[in-house]
Structure formats: C-alpha cells, structure tokens
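Biologist: I have a new structure to look at. Can you walk me through it?

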Amino acid sequence: MHSDLSPHLHTDECNEMISRLKRCHAEHSVMKFFGTCNDFDQAMRMCLKKERLDKRERSKQHAVEMKKRLKEGPKEPF
C-alpha cells in the first residue's frame, strides 16, 4: 500500500509518475490485472520511497538542531 497520492503532497517528478500510472490504469482497464502497468507502479513506488526518505532525513536534521538550541538555552536572560 502506498501513501496518499494527492498532487499537493508530492514533488513534480512523483506527480508525473502518478499520472502515468493512473493513465495506464485508465487505458488498460483489464490488462492492468495482468501486469501491464507494473513498470509505472514500480517507478512510482521508488519515487515515493525516495521522497519519504528525504523527508525523514530533513526531519532528523531539524530534530538535531532543535535539541542543540534547547541545550544551549535562551539567547537573552529574562
């Protein structure tokens, strides 16, 4: 199962992969069950995975920065 495929949640690259997969499913309504669209699906999943890992890394870096700021304390005394 993959994440929500709403366009505002993904990069332009992944949105293109998603639209290709949806187009393939629309054009091959029966053959999609026999693997006709598997290449598009695999490419889309790889793109979504890359997005997810990038977001996870950015979040991790943000957490490290926030921990550092909290450890240092306020810049100005009250």
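**Starting with Leu48**

Modeller: Let's begin at Leu48, which lies in helix H2. Keep in mind that this is a predicted model.

Biologist: Does Leu48 count as buried or exposed?

Modeller: Leu48 counts as buried, because its relative accessibility is 8% and the cut-off for buried is under 20%.

Biologist: Which residues does Leu48 touch, leaving out those up to four places away in sequence?

Modeller: His2, Ser3, Leu5, His10 and Cys14.

Biologist: How far is Leu48 from Cys14, C-alpha to C-alpha?

Modeller: They are 6.7 Å apart in space. Along the chain, 34 residues separate them.

Biologist: Where does Cys14 sit?

Modeller: Cys14 is one of the buried residues of H1. The others are Asn15, Met17, Ile18, Leu21 and Cys24.

Biologist: What covers the buried residues of H1?

Modeller: The cover includes helix H2, residues 38–72. It goes the other way too: H1 is part of what covers the buried residues of H2.

Biologist: And which residues of H2 are buried?

Modeller: Asp41, Met44, Cys47, Leu48 and Glu51.

Biologist: Is there a general reason for spacings of three or four in a helix?

Modeller: An α-helix has 3.6 residues a turn, so residues three or four places apart point the same way.

Biologist: Let's talk lengths. What span should helix H1 have, and what does it have?

Modeller: H1 covers residues 12–27, which is 16 residues. At 1.5 Å a residue it should span 22 Å, and its end C-alpha atoms are 22 Å apart, so the two agree.

Biologist: How many residues does H2 have, and how far does it reach?

Modeller: H2 has 35 residues. It reaches 51 Å from its first C-alpha to its last, close to the 51 Å expected.

Biologist: What comes just after H2?

Modeller: Gly73, which takes a positive phi of about 85 degrees.

Biologist: Back inside H2. What about Gln61?

Modeller: Gln61 is found in helix H2. It counts as partly exposed, because its relative accessibility is 39%.

Biologist: How far is Gln61 from Phe33?

Modeller: Their C-alpha atoms are 41 Å apart, with the two positions 28 residues apart in sequence numbering.

Biologist: Now Glu27. Buried or exposed?

Modeller: Glu27 lies in helix H1. It counts as exposed, because its relative accessibility is 55%. From Glu27 to Leu70 the C-alpha separation is 54 Å, and the two are 43 residues apart along the chain.

Biologist: Zoom out for me. How many helices and strands are there?

Modeller: Two helices and zero strands.

Biologist: What box do the C-alpha atoms fill?

Modeller: Roughly 70 × 20 × 15 Å along the principal axes. The radius of gyration is 20 Å, whereas a compact globule of 78 residues would have one near 12 Å.

Biologist: How much of the protein is buried?

Modeller: Buried residues make up 18% of the 78 residues. The accessible surface comes to about 7000 Å². Carbon and sulfur atoms account for 56% of that surface.

Biologist: What share of the contacts join residues at least 24 apart?

Modeller: It is 51%, counting contacts between residues at least 6 apart in sequence.

Biologist: Last topic, charges. How many are positive and how many negative?

Modeller: There are 17 positive and 13 negative charges. Their mean positions are 6 Å apart.

Key: Residues are numbered from 1 along each chain as its sequence is written. This is a predicted model: local features need pLDDT of at least 70, side-chain atom pairs count only at pLDDT 80 or more; totals for chains, interfaces and linings use all residues. Side-chain values use heavy atoms; hydrogens and water are left out. Helices (H or I, at least four residues) and strands (E, at least two) are DSSP runs, numbered from the N terminus. The radius of gyration is taken over C-alpha atoms; the globule rule is 2.2 Å times the number of residues to the power 0.38. Buried means under 20% relative accessible area, exposed over 50%, partly exposed in between (1.4 Å probe, protein chains only). Contact means heavy atoms within 4.5 Å. Accessible areas come from the Shrake-Rupley method with a 1.4 Å probe; for residues, only the protein chains shown count as cover. Lys and Arg count as positive and Asp and Glu as negative; His and the chain ends are not counted. The place of a charge is taken as NZ of Lys, CZ of Arg, CG of Asp or CD of Glu. The expected span of a helix is 1.5 Å times one less than its number of residues.
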